Amino acid sequence: MAVIQIVFILVAVVTIISAGMVVSVRSMVHAALWLVLALLGVAALFALLQVRFFPVVQVLVYIGAIATLIIVAVMLTRQVMQDVGSQLNSNWWLAAFVSVTLFIGMVWALSNWPGMMTTTRAVPPGGEDIVAFGKALTDPAGFVIPFEVASVLLLGALIGAIFLATERKEKQG
Amino acid sequence: MIPLSWYLIFSTALFCVGLFGVLARKNAIGILMGVELMLNAVNLNLLAFWSYLYAAQMNGLVFVAIVFITASAEVAVGLALIISVYRCRRIVVADEMTELRG
């Protein structure tokens with residue numbers, strides 16, 4: 001077994017265990033910290049795919065921004081959700097059944113696909129062509145419309161989040 | 001070399017763990033964490049297919065970038081909603097958010 005396979009298995013096991021802790025651990029702050037570890041594991045798997053751009057984006061956007069935002073939100077809403085009692089609702093066994101059934105069904109469906117054991121990669125050894133990616137994002141014949149729509153979506157989310165989270169005192173009186 | 005199947009099975013497992021979190025968590029922020037895990041699994045799946053089969057085209061990378069942007073917008077608006085509900089009603093449990101029941 002090659003070294004890269006051992007690295008993959010180690011990272012995958014750590015990521016799955018920390019993802020399991022995210023959905024099952026009692027304290028929400030601990031769940032947010034396990035989420036950081038799971039996101040870091042996914043970033044390492046991106047790097048193992050010989051992609052150079054997206055591991056950096058994963059660390060910057062997910063761990064740097066989203067995980068920090070989630071930790072701040074957990075701390076802001078802390079005192080009502082005291083870490084006692086069950087953190088799972090009463091139908092958790094149904095959720096577990098649905099998840100396990102979906103996993104078995106997806107693996108069974110994938111195992112019938114002939115391209116499953118592909119080991120040769122189409123990506124060049126030096127990683128993706130980041131210049132071509134940037135040009136495709138701004139090319140009018142390429143993806144400039146999804147790119148612009150995404151920037152408008154981010155602007156809308158920014159304004160919407162400010163509008164929702166602002167305290168409006170004149171209406172509460 | 002690592003076969004493509006390892007990536008696909010791993011991302012399926014991560015997706016199902018996230019789905020369990022979305023369905024079973026009481027806390028609304030816990031539900032959002034489950035959604036994050038599911039989006040990460042989808043991103044890993046897209047990048048695996050791109051890297052093994054379609055590296056000559058840019059479609060896969062653009063799709064992953066759009067998923068990143070949508071995930072950050074979703075988290076910003078979702079957490080703003082949760083904090084807004086918390087400020088008015090002092091709850092973060094999704095089962096108790098029954099204001100719109102009619």
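Here are some worked exercises on the two-chain model above, which is a predicted one.

**Exercise 1. The domains of chain A**

Task: Find out which domains chain A is divided into, and what distance separates their centres.

Solution.
- Start with the division: chain A has domain 1, covering 1-81, and domain 2, covering 129-168.
- Then take the centres over C-alpha atoms: those of domain 1 and domain 2 of chain A are 24 Å apart.

**Exercise 2. The largest nonpolar core**

Task: Work out which helices supply the largest nonpolar core, and which helix gives the most to it.

Solution.
- Begin with the core itself: the largest one has 66 residues, and A:Val22, A:Leu35, A:Ile70, B:Ile29 and B:Leu47 have the most contacts inside it.
- Next, look for helices that each supply at least two residues of this core. In chain A these are H1 (3-24), H2 (28-48), H3 (53-76) and H6 (144-165), and in chain B they are H1 (4-24), H2 (28-52) and H3 (59-89).
- Now pick the main contributor: H1(B) gives the most, with 13 residues.
- Finally, zoom in on one member. Setting aside residues up to four places away in sequence, B:Leu47 touches A:Phe46, A:Leu49, A:Val51 and A:Phe54 in chain A, along with B:Gly60 and B:Val64 in its own chain.
- For background, nonpolar side chains in soluble globular proteins tend to be buried together.

**Exercise 3. Where the chains meet**

Task: Describe the side of chain B that touches chain A, by element and by residue class.

Solution.
- Take the totals: 64 residues of chain B are in contact with 71 residues of chain A.
- Assign the chain B side to elements: H1, H2 and H3 of chain B give two or more residues, and H3(B) has the largest share, with 19 residues.
- Sort that side by class: there are 47 nonpolar, eleven polar and six charged residues.
- A contact from a loop can be added here. A:Thr119 lies in the loop between helix H4 (92-111) and helix H5 (130-138) of chain A. Leaving aside neighbours within four places in sequence, A:Thr119 is in contact with B:Met1 and B:Pro3. It has 10 other C-beta atoms within 10 Å, so A:Thr119 is exposed.

**Exercise 4. Two helix pairs**

Task: Decide whether H6(A) and H3(B) are roughly parallel or antiparallel, then do the same for H2(B) and H3(B).

Solution.
- A helix pair is described by the angle between the axes and the distance between them.
- For H6(A) and H3(B), the angle is about 10° and the axes are 8 Å apart. Angles under 35 degrees count as roughly parallel, so H6(A) and H3(B) are roughly parallel to each other.
- In this contact, residues of H6(A) including A:Leu153, A:Ala157 and A:Gly160 meet residues of H3(B), among them B:Ile69, B:Ala73 and B:Val77. By class, the contact of H6(A) with H3(B) has 17 nonpolar, two polar and no charged residues.
- For H2(B) and H3(B), the angle is about 175° and the axes are 10 Å apart. Angles over 145 degrees count as roughly antiparallel, so H2(B) is roughly antiparallel to H3(B).
- Here residues of H2(B) including B:Leu32, B:Leu39 and B:Trp50 meet residues of H3(B), among them B:Phe63, B:Val67 and B:Leu79. The classes for H2(B) with H3(B) are 17 nonpolar, three polar and one charged.

**Exercise 5. Three residues one by one**

Task: State where B:Val22, A:Leu48 and A:Gln50 are found, and classify each as buried, partly exposed or exposed.

Solution.
- B:Val22 is in helix H1 of chain B. It counts as partly exposed because it has 18 C-beta neighbours inside 10 Å. Beyond four places in sequence, B:Val22 is in contact with B:Ile31, B:Gly34 and B:Val35.
- A:Leu48 belongs to helix H2 of chain A. Its 19 C-beta neighbours inside 10 Å fall below the 20 needed for a buried residue, so A:Leu48 is partly exposed. Not counting residues up to four places away in sequence, A:Leu48 touches A:Ile4 and A:Phe8. The C-alpha atoms of A:Leu48 and A:Ile4 are 8.2 Å apart, although 44 residues separate the two along the chain.
- A:Gln50 sits in the loop between H2 and H3 of chain A. With 16 C-beta neighbours inside 10 Å, A:Gln50 is partly exposed.
- Check the backbone too: most residues other than glycine have a negative phi. A:Gln50 is not a glycine, yet has a positive phi of about 60°.

Notes
Residues are numbered from 1 along each chain as its sequence is written. Chains are lettered from A and ligands numbered from 1 in the order in which they are written. This is a predicted model: local features need pLDDT of at least 70, side-chain atom pairs count only at pLDDT 80 or more; totals for chains, interfaces and linings use all residues. A nonpolar core is a set of buried Ala, Val, Leu, Ile, Met, Phe, Trp, Tyr and Cys residues joined through C-beta atoms within 7 Å. A residue is buried if 20 or more other C-beta atoms lie within 10 Å of its own, exposed if 12 or fewer, and partly exposed in between; C-beta atoms are placed from the backbone. Helices (H or I, at least four residues) and strands (E, at least two) are DSSP runs, numbered from the N terminus. Two residues are in contact if their C-beta atoms, placed from the backbone, lie within 7 Å. Domain bounds come from an automatic or database domain assignment. Axes are lines fitted to C-alpha atoms, for helices over the stretch in contact, and angles run from 0 to 180 degrees between N-to-C directions. Angles under 35 degrees count as roughly parallel, over 145 as roughly antiparallel, 65 to 115 as roughly perpendicular and the rest as oblique. Ala, Val, Leu, Ile, Met, Phe, Trp, Tyr, Cys and Pro count as nonpolar, Asp, Glu, Lys and Arg as charged, and the others, Gly among them, as polar.
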